[in-house]
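Visitor: I would like to learn how to read a model of this kind, one feature after another. Please take me through it with the general idea and then the case at hand.

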Amino acid sequence: MCKLTQWSKGMVWCFPERHGVIYGITKTQIDWIPLSVGAVRPTQGKTLAVMQMCGGSQSFNAINLMRVFGRRIRMLIIPNQSSVTKAFLDFYDQDRMKPSAYYDHVVDVMEELVKFTLLTCDIAPCLVDRYRERTARPICWRV
C-alpha cells in the first residue's frame with residue numbers, strides 16, 4: 001500500500017456501506033497508508049475521488065468519512081462523488097456494471113478525477129507546501 005500510494009498521482013476510494021458505516025477492514029486499509037515519510041505525507045497533493053456502494057437506500061455516510069480521511073492525509077478531493085444504491089441490482093454476473101444512470105455518474109466522477117489530476121499534478125507541491133514541513137526540526141523536551 002505504501003509503495004502504491006507513493007507511485008500514484010490520484011486515487012479512487014470506493015467502499016461498501018453497511019448499516020450506515022464503512023467496514024472496519026476498510027478503515028484498516030486507509031490506516032496502512034503511512035502518515036509521513038520524513039516530514040512529508042506521501043498522499044499530500046494527490047487527487048482523490050470517493051464513491052460508495054450500498055445494499056439498500058442511498059446514504060452518504062461512507063463518502064463523508066472518506067472525505068474526512070482524505071483531508072486528514074492532505075489529499076485534494078474532487079467535488080464530484082458517486083453513491084450506488086442497491087448495488088446488487090446494477091451488476092452483471094461477471095462483475096461489470098450495467099448501463100444505467102449510476103453507471104453514467106461513475107464515469108462522470110472518473111472523468112473529473114482525471115481532469116483534476118492533470119490540472120494539479122504539476123503544481124501539487126506548491127498547493128500543499130507548509131511552513132511547518134519546511135522547517136521540521138526535532139522536538140527537545142526540557143526536564
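Guide: Let us begin with solvent exposure, keeping in mind that this is a predicted model. A residue is called buried under 20% relative accessible area and exposed over 50%, with partly exposed in between; Cys14, at 37% relative accessibility, therefore counts as partly exposed.

Visitor: Is Cys126 buried or exposed? And how many disulfides does the structure hold?

Guide: Cys126 has a relative accessible area of 62%, so this residue is exposed. As for disulfides, the structure holds 0 of them. A disulfide calls for two cysteine sulfur atoms within 2.5 Å, whereas the sulfur of Cys126 has its closest cysteine sulfur in Cys121, 14 Å away, which is too far for a bond.

Visitor: How should I read the overall architecture, and how many helices and strands are there in the protein?

Guide: Count the elements, then follow their order along the chain. The protein contains 6 helices and 4 strands, and from the N terminus on they run α-β-β-α-β-α-β-α-α-α. The C-alpha atoms fill a box of roughly 60 × 35 × 25 Å along the principal axes. Of the contacts between residues at least 6 apart in sequence, 71% join residues at least 24 apart.

Visitor: In what order do the strands form the sheet?

Guide: The general idea is that strands of a sheet pair through backbone hydrogen bonds, in either a parallel or an antiparallel sense. Here the 4 strands form an open sheet in the order E2-E1-E3-E4, and the pairing is mixed. Strand E2 (21-22) and strand E4 (76-84) stand at the edges with a single partner strand each, so one side of each has no neighbour in the sheet.

Visitor: Which helix packs on this sheet and touches E1, E2, E3 and E4?

Guide: That is helix H3 (residues 61-72), whose direction makes about 155° with that of E3. Helix H4 (residues 101-120), for its part, lies across E1, E3 and E4 and runs at about 170° to E4.

Visitor: How many bridges join E1 to E3, and how do these two strands run?

Guide: Strand E1 (residues 10-18) and strand E3 (residues 47-54) run parallel and are joined by 8 bridges. Individual residues let you fix the register: Phe15 has Gln52 in E3 as its bridge partner, and Trp13 stands opposite Val50 in E3. E3 also pairs with E4 in the parallel sense, over 6 bridges, where the partner of Thr47 is Leu76 in E4. E3 is mostly covered, with 7 of its 8 residues buried.

Visitor: What should I make of side chains along a strand, and how many aromatic pairs does the structure hold?

Guide: In a regular strand the side chains alternate between the two faces of the sheet. The structure holds 1 aromatic pair. Its members are Trp13 and Phe15, whose rings are stacked, at 6.1 Å centre to centre with 15° between the planes. Both Trp13 and Phe15 are buried.

Visitor: Could we examine a residue within a helix, and ask which residues Thr5 is in contact with beyond its neighbours within four places in sequence?

Guide: Thr5 lies in helix H1 (residues 2-7) and, at 1% relative accessibility, counts as buried. Leaving those neighbours aside, Thr5 is in contact with Met11, Ile33, Pro42, Thr43 and Lys46.

Visitor: And in the loops, is Ser59 buried or exposed?

Guide: A loop position does not settle the matter, so read the accessibility too: Ser59, in the loop between E3 and H3, is buried, with a relative accessible area of 16%. Not counting residues up to four places away in sequence, Ser59 touches Glu17, Gln52, Cys54 and Ser83. Pro99, in the loop between E4 and H4, counts as exposed at 66% relative accessibility.

Visitor: How far apart in space are Pro99 and Gln29?

Guide: Pro99 and Gln29 are 30 Å apart, C-alpha to C-alpha, and 70 residues apart in sequence.

Visitor: Finally, what share of the 143 residues is buried?

Guide: Buried residues make up 36% of the 143. The protein exposes about 9,600 Å², of which carbon and sulfur atoms supply 60%.

Key. Residues numbered from 1 in each chain as written. Predicted model: local features only at pLDDT ≥ 70, side-chain atom pairs only at ≥ 80, totals over all residues. Heavy atoms only, no water. Pairing = 2+ DSSP bridges. Contact = heavy atoms within 4.5 Å. Axes fitted to C-alpha atoms, helices over the stretch in contact; angles between N-to-C directions. Buried < 20%, exposed > 50% of the residue type's maximum accessible area, 1.4 Å probe, protein only. Areas by Shrake-Rupley, 256 points an atom, 1.4 Å probe, with all protein chains shown as cover. Phe/Tyr/Trp six-rings, centres within 6.5 Å; stacked < 30°, edge-to-face > 60°.
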